[in-house]
Amino acid sequence: MRRKLRGLNLRTGLRWKLSAAITLVGVFVALALSLVVHNAARVSMLDNARDLQDERVQFAQRIYEATDRLQFGAAVDDEDLPGELRTKALEGRRGTYVTETDGVPDIWAAVPLEDGGVLSMHTPLQDRSTAIMGDLDRALLVGSLAVVSGGCALGVLIGGRFSRRLRKAAVAAGQVAQGNSEVRVVEAIGGVVRDETDDLAWSVDAMADALRQRLEAERRVTADIAHELRTPVTGLLTAAELLPPGRPSELVRDRAQAMRTLVEDVLEVARLDSAAERAELHDIVLGEFVSRRVAARSSEVRVDVVHEAAVTTDPRRLERILGNLLANAAKHGRTPVEVTVEGRVLRVRDHGPGFPEELLAEGPSRFRTGSSDRAGHGHGLGLTIAAGQARVLGARLTFRNVRPPGSPDGPVEGAVAVLWLPEHAPTSSGSFPMLPLPGE
């Protein structure tokens, strides 16, 4: 049963949870108080009726013993007299008793006579008393409904306040997670009266500040190390060019060039992480631009322009993104590699083993390649740089694996990287997060 309930994964807001809790408490309290008041009023009314009946039977006894006449509907040795009351009267004691006939209380009173008989009388509870109890029950019902409604409204108001503040905190925390360092959760939630939400906001802001400082320190260290390595690596590459021809010299030059490329990529990642990059915008025809750049890189990559579109973007950064996606497809995928341009959407597909699940779930990460069987090839900065350049352009870069139609769990038939260029030119770097879109 618990597993079935967990599988439902029900989700409700804090407002409705508080409202439901206060309403349930109000219902229980109103029900308990109504029962207590109803029973107390009924017992008090019956006690008064019994006292009155006891006084009447005493008057009837004195009249009967003095005049031998029965008054007030009294009777001697009534066959309908309840047995408990008859026994009590035969023992020489006066008493009262309550029975019910068709739901109406019947008040009995009995008293022993000098000749050994029992004088008794009974009358139903007055209609006026029954009407009073009915009015009391209706008043209790109306009051209970008012209390429950007021409690429900109070729960909605209180829960709504907490819910709004928590929702604002969640939105602000999401903006902080996307890299907007100007957002403060405490300022976003507002409010005059402090509560636990403010403590949570202060903690989130403190955590974000600490994490930001740590990331900035790591970025500076990475950039400083890469910058310091540029000079010796450049010198090493220059010295390698002076080596005599031969296989060893070619290996040295190849490794020196790879090291230089790595240093330049690390520096580029550090600049992108600093959110200080700005796009130099130009108007281009996307399909024509992609066709020329792909043709200059490789004649084996097929370009299909489905729909041409004019866009305002940074051609240098767009070429960098396209080159890195093609390089990743060539290194970790299999031919044929296809590039499709459809309006502002650019797709690069290969027919390899697909992207690893970690990349699809978390996005590109430095020093993690875009292949599940890395096998020691590459340093994993290509897709990271592509994603960073896409953010500078205000674009979205998404990744997915291609599977057979109608078979979501079938074998992977390739990988697709999709670049969504914005309709409007970007105004600042890092202002557009990299988020997947439905269907991609």
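**Exercise 1. Work out whether R94 counts as buried, partly exposed or exposed, then find its salt-bridge partner.**

*Solution.* Start with the accessibility of R94 in this predicted model. Its relative accessibility is 40%. Buried needs a value under 20% and exposed a value over 50%, so R94 counts as partly exposed.

Next, look for the partner. R94 forms a salt bridge with D54, and their closest N and O atoms are 2.6 Å apart. Now see where the two ends sit: R94 is in the loop between α3 (83-90) and β2 (95-101), while D54 belongs to helix α2 (residues 14-67). That puts them 40 residues apart, so the pair links distant parts of the chain.

Last step: check D54 itself. Its relative accessible area is 16%, and because buried means under 20%, D54 is buried.

**Exercise 2. Say how many salt bridges the structure holds, and look at two more of them.**

*Solution.* The total is eight salt bridges. As background, side chains of opposite charge can pair when their charged atoms come close.

Take E91 and R93: here the closest N and O atoms are 2.7 Å apart. R93 has a relative accessible area of 44%, which makes it partly exposed.

Then take E342 and R347, where the closest N and O atoms are 3.6 Å apart. The cut-off is 4 Å, and this pair is listed as a salt bridge. E342 is partly exposed too, with a relative accessible area of 39%.

**Exercise 3. Find the aromatic pair and decide how its rings are arranged.**

*Solution.* The structure holds one aromatic pair. Its rings belong to F355 and F399, with centres 5.3 Å apart and planes at 80°. Planes over 60 degrees apart count as edge-to-face, so that is what this pair is.

Where are the two residues? F355 lies in the loop between β9 (345-350) and α10 (357-362), and F399 is part of strand β10 (residues 396-402). They are 44 residues apart in sequence, so the pair ties those parts together. Both F355 and F399 are buried.

**Exercise 4. Put the strands of the open four-stranded sheet in order and pick out its edges.**

*Solution.* Reading across the sheet, the order is β1-β4-β3-β2, with antiparallel pairing. The edge strands are β1 (75-76) and β2, since each pairs on one side only.

Now zoom in on one edge. β2 pairs with strand β3 (residues 104-112) in the antiparallel sense, over seven bridges. To see it residue by residue, find T99: it stands opposite D106 in β3.

Finally, step off β1 into the loop between β1 and α3, where you'll find D77. This residue has a positive phi of about 50°, although it is not a glycine. D77 counts as partly exposed, at 44% relative accessibility.

**Exercise 5. Compare S34 and F28 in helix α2: which is buried and which is exposed?**

*Solution.* First, place them. S34 is in helix α2, and F28 lies in helix α2 as well.

Second, check the numbers. S34 has a relative accessibility of 15% and counts as buried, whereas F28 has 58% and counts as exposed.

Third, look at their surroundings. Leaving aside neighbours within four places in sequence, S34 is in contact with L140 and S144. F28 joins L24 and V27 in a nonpolar patch on the surface, and together they have about 300 Å² of accessible area.

**Exercise 6. Find out what V204 touches, then locate the cis peptide bond.**

*Solution.* V204 sits in helix α6 (residues 196-241). Setting aside neighbours within four places in sequence, V204 is in contact with A173 and V185. V204 and A172 are 32 residues apart in sequence, with their C-alpha atoms 9.8 Å apart in space.

For the cis bond, go to T335 and P336: the peptide bond from T335 to P336 has omega near 0°. P336 lies in the loop between α9 (315-332) and β8 (338-342).

**Exercise 7. Step back and describe the whole protein in numbers.**

*Solution.* Begin with the elements: there are 11 helices and 11 strands. Of the 440 residues, 35% are buried. Then take the contacts with a separation of 6 or more: residues 24 or more positions apart account for 63% of them. To finish, the accessible surface comes to about 26,500 Å², and 56% of it belongs to carbon and sulfur atoms.

Methods: Residues numbered from 1 in each chain as written. Predicted model: local features only at pLDDT ≥ 70, side-chain atom pairs only at ≥ 80, totals over all residues. Heavy atoms only, no water. Salt bridge = Lys/Arg side-chain N within 4 Å of Asp/Glu carboxyl O. Buried < 20%, exposed > 50% of the residue type's maximum accessible area, 1.4 Å probe, protein only. Contact = heavy atoms within 4.5 Å. Areas by Shrake-Rupley, 256 points an atom, 1.4 Å probe, with all protein chains shown as cover. Phe/Tyr/Trp six-rings, centres within 6.5 Å; stacked < 30°, edge-to-face > 60°. Pairing = 2+ DSSP bridges. Patch = residues over 30% accessible without salt bridge, like charges linked within 9 Å, V, L, I, M, F, W, Y side chains within 5 Å.
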